[in-house]
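Subject: A structure for you to explore

Hi there,

I am handing over the structure we talked about, and I hope you enjoy looking around in it. Please open it first, then read on for what turned up.

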Amino acid sequence: MKNYLGAPILVAVIIFAFPAAGHTDDLFRLYPEFEASALGSDNVPLRTTHEEGDFAGTMAAGFYLDYTSAARYASLHYDTFAQFFARQSQYDRAGEGQYVHLTDDENLSSTTKLRLNELFFRDSPAGMAVITSDQAPQFNTVAAELLLANDQASVNLFGAELSHYWGRNWSSELSVHQTTFWNNGDNSSGNNTSYDQNITAVTQYHFTDNFALGGGYRFYEFMFSRPGLPDEQAQWPFVRASWEPVKNLYLEGMVGVVISHTQGTNEQAVNPGGLGLLEYNFERARLKIYGGQEPELTSGFGGAGNIQELRGALLYDFTRRLTGSVGAGFFQVHASNYDAQLISWGVGLTDRVNNWISVYTRFVQLRRNETTSNQFLPSGTQSGREAVGDYFVVGFNVSVEALRWSWQ
């Protein structure tokens with residue numbers, strides 16, 4: 001359990017140590033970064049009872065580096081966190097949480113592309129997840145799982161996707177994803193590890209440059225270290241389509257039937273599965289809506305279940321420097337012994353003062369409701385009661401290009 005950073009470090013070595021073919025206008029850049037903010041909340045630990053309001057100073061420091069060539073774009077983003085509360089010093093932390101994100105986009109040929117993605121998020125409390133989520137004020141699945149688990153949990157996600165065009169009209173994709181969730185806080189569920197591995201294959205026919213239709217298959221395997229919790233599998237045959245009806249509007253969706261099975265039992269469930277994406281670009285605004293239902297880890301007590309989510313955000317450029325955002329997210333879990341719901345919404349303003357500094361203000365509200373056979377849950381909330389927390393954030397971010405190295 002002490003080698004959480006092993007996978008991200010290995011991926012970083014692979015991405016940055018091995019040269020890509022075709023070194024034409026190669027570029028390497030390094031950006032040290034620092035973020036500081038003031039956080040005020042009426043329910044810092046997001047509890048259903050004994051809410052504790054407080055103010056906190058938070059900081060995140062790290063770096064961003066990337067490498068660009070004709071055949072590759074690779075990046076590494078690292079941050080560590082610190083936060084100090086005015087009254088509740090038991091929530092103070094410094095250097096315990098890490099955020100690591102690596103990407104590698106490879107142009108293997110004119111018709112074949114490979115994408116690698118690695119995300120590691122360790123021991124970050126709920127308030128920090130609000131501030132550092134790259135999709136705030138709406139939440140992604142990782143942030144939602146952390147909030148539903150407890151204030152000390154770690155998540156590692158790895159993905160690899162290979163795509164190939166078979167001439168003008170046919171294309172295929174093969175992808176592998178793995179999620180590892182460490183529920184390592186001091187709570188009633190104990191320390192346990194959950195794994196989600198899935199593989200997807202899909203082939204599409206491109207009727208036009210703007211419309212494609214095809215079919216695919218995804219296989220899930222869920223494994224758990226918690227004693228007495230059996231492994232689970234799921235199969236999802238689906239139909240997928242992508243459509244760009246007008247220049248600024250993009251639609252994508254996949255729908256099918258999910259067949260789930262619990263190992264060592266005769267339990268089998270059949271549920272609909274589907275995911276959808278809508279993106280629209282206005283002259284000054286960008287709208288993105290994503291949602292659907294699929295099998296996923298349920299975090300808090302381990303196990304797997306059906307996850308329904310819907311999230312969206314609208315970004316609007318008032319000026320070249322000032323950007324406003326409004327967004328909301330809905331995340332719901334249904335499992336055999338655990339049901340949970342997380343709703344978030346918020347608004348924000350960001351002003352880019354110059355090329356290296358920006359200031360922002362943000363409001364986010366979280367509403368969490370969890371139900372289980374136990375009276376109290378790992379998150380510290382009471383079963384069947386809703387926890388509501390309002391978070392006000394004001395801060396600034398500094399990111400400076402410290403190194404630029406190009407060659408041919």
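Is Trp407 buried, partly exposed or exposed? Trp407 is partly exposed, with a relative accessible area of 27%. Please keep in mind that this is a predicted model.

Here is the overall picture. The chain has 408 residues, and 47% of them are buried. Its secondary structure consists of 3 helices and 19 strands. If you take the contacts between residues at least 6 apart in sequence, 57% of them join residues that are at least 24 apart. The accessible surface of the chain is about 19700 Å², and carbon and sulfur atoms account for 58% of that surface.

Now for the aromatic rings. The structure contains 16 aromatic pairs. One of them is formed by Tyr316 and Phe318, which meet edge-to-face, with 5.0 Å from centre to centre and 70° between the planes. Tyr316 is partly exposed at 34% relative accessibility, and Phe318 is partly exposed at 41%. Trp407, from the question above, pairs with Trp405: the ring centres are 4.5 Å apart and the planes stand at 35°, so this pair is tilted. Trp405 itself is exposed, with a relative accessible area of 52%. You can also look for a cluster in which ring pairs link Trp170, Tyr205, Phe207 and Phe211.

Next, have a look at Gln365. This residue sits in strand S17, which covers residues 357-372. Gln365 counts as buried because its relative accessible area is 12%, below the 20% cut-off. Which side chains does the side chain of Gln365 reach through polar contacts? One is the side chain of Arg367, at 3.3 Å, and another is the side chain of Asp390, at 2.9 Å. Leaving aside residues up to four places away in sequence, Gln365 touches Ile343, Ser344, Trp345, Val388, Gly389 and Asp390. Asp390 therefore appears both in that list of touching residues and as a polar partner of Gln365, because its side chain makes a polar contact with the buried Gln365.

Finally, find Met59 in strand S2, which spans residues 54-68. Met59 is partly exposed, at 35% relative accessibility. Along the chain, Met59 and Asn397 are 338 residues apart, while their C-alpha atoms are separated by 9.8 Å.

Happy exploring, and write back with any questions!

Best wishes

Methods. Residues numbered from 1 in each chain as written. Predicted model: local features only at pLDDT ≥ 70, side-chain atom pairs only at ≥ 80, totals over all residues. Heavy atoms only, no water. Helix = DSSP H or I, 4+ residues; strand = E, 2+ residues; numbered from the N terminus. Buried < 20%, exposed > 50% of the residue type's maximum accessible area, 1.4 Å probe, protein only. Polar contact = N/O pair within 3.5 Å; in protein donor to acceptor, adjacent residues only side chain to side chain. Contact = heavy atoms within 4.5 Å. Areas by Shrake-Rupley, 256 points an atom, 1.4 Å probe, with all protein chains shown as cover. Phe/Tyr/Trp six-rings, centres within 6.5 Å; stacked < 30°, edge-to-face > 60°.
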